[in-house]
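Here are my notes from going through the model you sent over. I've kept them as numbered points so you can reply to each in turn.

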Amino acid sequence: MTTLSQFLTEHIQQNNLPTALGDVFESVAKACVQINRQVRQGALAGILGEAGTGNVQGEDQKKLDVIANQQLIDVLKTNADIAGLASEEEDTFVACNENGSYLVLFDPLDGSSNIDVNISVGTIFSILNKPEGALSEQSFLQAGRNQAASGYVLYGPQTQLVLTMKHGVFVFTLDADGNFVQTQANPTVPEQTKEFAINMSNQRHWFKPMQQYIEALLAGETGVRGKNYNMRWVASMVAEIHRILMRGGVFMYPQDARDPAKPGKLRLMYEANPLSLILEQAGGASSNTVKNMLDIQPESLHQRVSVVMGSREEVEYIEQLHR
Ligand code: P6P
């Protein structure tokens with residue numbers, strides 16, 4: 001079995017990548033192993049429930065949101081290759097080591113509303129090259145295609161790390177000794193699917209193209225798509241995207257009429273972009289319903305975006321309806 005460290009050494013050498021990139025992955029993995037220990041303890045570690053604080057998103061923070069965020073910051077700050085970091089739980093970026101060559105952006109614990117009911121949650125991270133010059137918010141505002149790498153850790157029945165450095169996608173499973181061991185290489189997202197993921201309770205708020213699309217799926221073999229579809233909604237994006245990476249599907253969180261000023265619920269920089277890079281590397285597609293997600297030029301660190309990602313045929317079908 002190949003450990004994460006062995007994989008990183010080989011993969012970086014084979015693809016002429018900077019060794020510093022491997023060091024960054026080692027740091028992220030180290031922090032996520034610590035987060036995993038907390039997640040697995042739940043009530044036994046006294047880490048369930050609300051923190052009693054809110055974040056820049058205006059959301060109530062769970063205790064584990066705050067703990068996971070701090071664990072990532074504490075570990076990443078010790079890595080000389082990391083110049084700065086940004087987190088869903090931090091108002092602005094955090095300067096780290098001025099000679100570092102990478103920026104790390106993350107959602108420390110996505111799906112945290114699921115923690116107290118023991119449903120899978122995850123850590124999502126994006127790795128950018130630090131541009132020349134002084135560190136500022138602008139340093140982070142790079143299109144998703146610019147990412148040097150990205151990945152996520154899914155704290156599910158297994159704890160799994162999935163990563164890409166734009167030379168394929170690789171899956172690691174945490175073993176009993178707390179080491180990530182490679183368990184899969186280059187999973188591919190099937191071009192077609194019969195499974196969709198969306199929060200149907202928002203149906204009356206969607207704009208017409210999304211209503212039309214979902215109606216067609218629900219019509220099944222009696223409708224224009226000519227086949228029956230199944231539905232899943234875990235309310236934990238990392239779990240949804242991992243399922244799609246493993247067996248196909250399409251995940252949607254579209255902008256809706258409730259707040260036209262809000263282009264969607266999910267965040268571009270540390271949710272949509274890192275997961276889009278992985279899916280695209282695996283043959284999937286990702287869009288904000290009209291444009292490839294990875295081509296969006298970010299305007300702010302916490303900007304939200306409409307999200308459609310997964311099996312290419314469905315993403316393209318949805319884009320057609322929105323044009
Ligand atoms: P809703 C979790 O809070 C999250 O950010 C994603 O992980 C998930 O897909 C979505 O929001 C769930 O949203 O509105 O169904 O609770």
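The points below start with the ligand site and then move on to the sheets.

1. First, a reminder that this is a predicted model. The contact distances below should be read with that in mind.

2. Where does the ligand sit? It sits in the largest pocket. Asp 110, Gly 111, Asn 199, Trp 233, Ala 235, Ser 236, Met 237, Phe 251, Tyr 253, Lys 265 and Leu 266 surround the ligand. Sorted by class, that shell comes to 6 nonpolar, 3 polar and 2 charged residues.

3. For polar contacts, you can check three pairs that involve oxygen atoms of the ligand. Met 237 contributes a polar backbone atom, 2.7 Å from a ligand oxygen. Trp 233 uses its side chain instead, with an N or O atom 2.9 Å from an oxygen of the ligand. Lys 265 has a polar side-chain atom 3.0 Å from a ligand oxygen. As for burial, the ligand on its own has 390 Å² of accessible area, and the protein covers 82% of that.

4. On to the 8-stranded sheet. It is open, with mixed pairing, and runs β4-β3-β5-β6-β7-β8-β9-β10. Why do β4 and β10 each have one side without a neighbour in the sheet? Both stand at the edges with a single partner strand each, so nothing in the sheet flanks the other side of β4 (94-95) or of β10.

5. Within that sheet, β5 (residues 102-110) and β6 (residues 121-129) are an antiparallel pair joined by 7 bridges. Asp 110 of β5 is worth a look: it stands opposite Gly 122 in β6, and Asp 110 is also one of the residues around the ligand.

6. Over at the β10 edge, β9 (residues 169-174) pairs with β10 (residues 180-185) in the antiparallel sense, over 5 bridges. Phe 172 has Gln 182 in β10 as its bridge partner. The hairpin has 5 residues between the strands, and Gly 178 takes a positive phi near 85° there.

7. The model also has an open sheet of 5 strands, again with mixed pairing, in the order β12-β11-β13-β17-β15. Here β12 (230-231) and β15 (285-287) are the edge strands; each has a single partner, so one side of each lacks a neighbour in the sheet.

8. The partner of β15 is β17 (residues 307-310): the two pair in the antiparallel sense over 3 bridges. If you want a spot to check the register, Ser 286 stands opposite Met 309 in β17.

Methods:
Residues are numbered from 1 along each chain as its sequence is written. This is a predicted model: local features need pLDDT of at least 70, side-chain atom pairs count only at pLDDT 80 or more; totals for chains, interfaces and linings use all residues. Side-chain values use heavy atoms; hydrogens and water are left out. Two strands pair if DSSP finds at least two bridges between them. Helices (H or I, at least four residues) and strands (E, at least two) are DSSP runs, numbered from the N terminus. A residue is near a molecule or strand if one of its heavy atoms lies within 4 Å of it. A polar contact is a pair of N or O atoms within 3.5 Å; within protein, one must be able to donate a hydrogen and the other to accept it, and residues adjacent in sequence count only if both atoms are side-chain atoms. Accessible areas come from the Shrake-Rupley method with a 1.4 Å probe; for residues, only the protein chains shown count as cover. On a 1 Å grid over the protein atoms alone, a cavity is a set of points where a 1.4 Å probe fits but cannot get out, and a pocket is an open set with protein on both sides within 12 Å along at least five of seven lines; lining residues have an atom within 4 Å of a point. A molecule sits in a cavity or pocket if more than half of its atoms lie within 2 Å of its grid points. Ala, Val, Leu, Ile, Met, Phe, Trp, Tyr, Cys and Pro count as nonpolar, Asp, Glu, Lys and Arg as charged, and the others, Gly among them, as polar.
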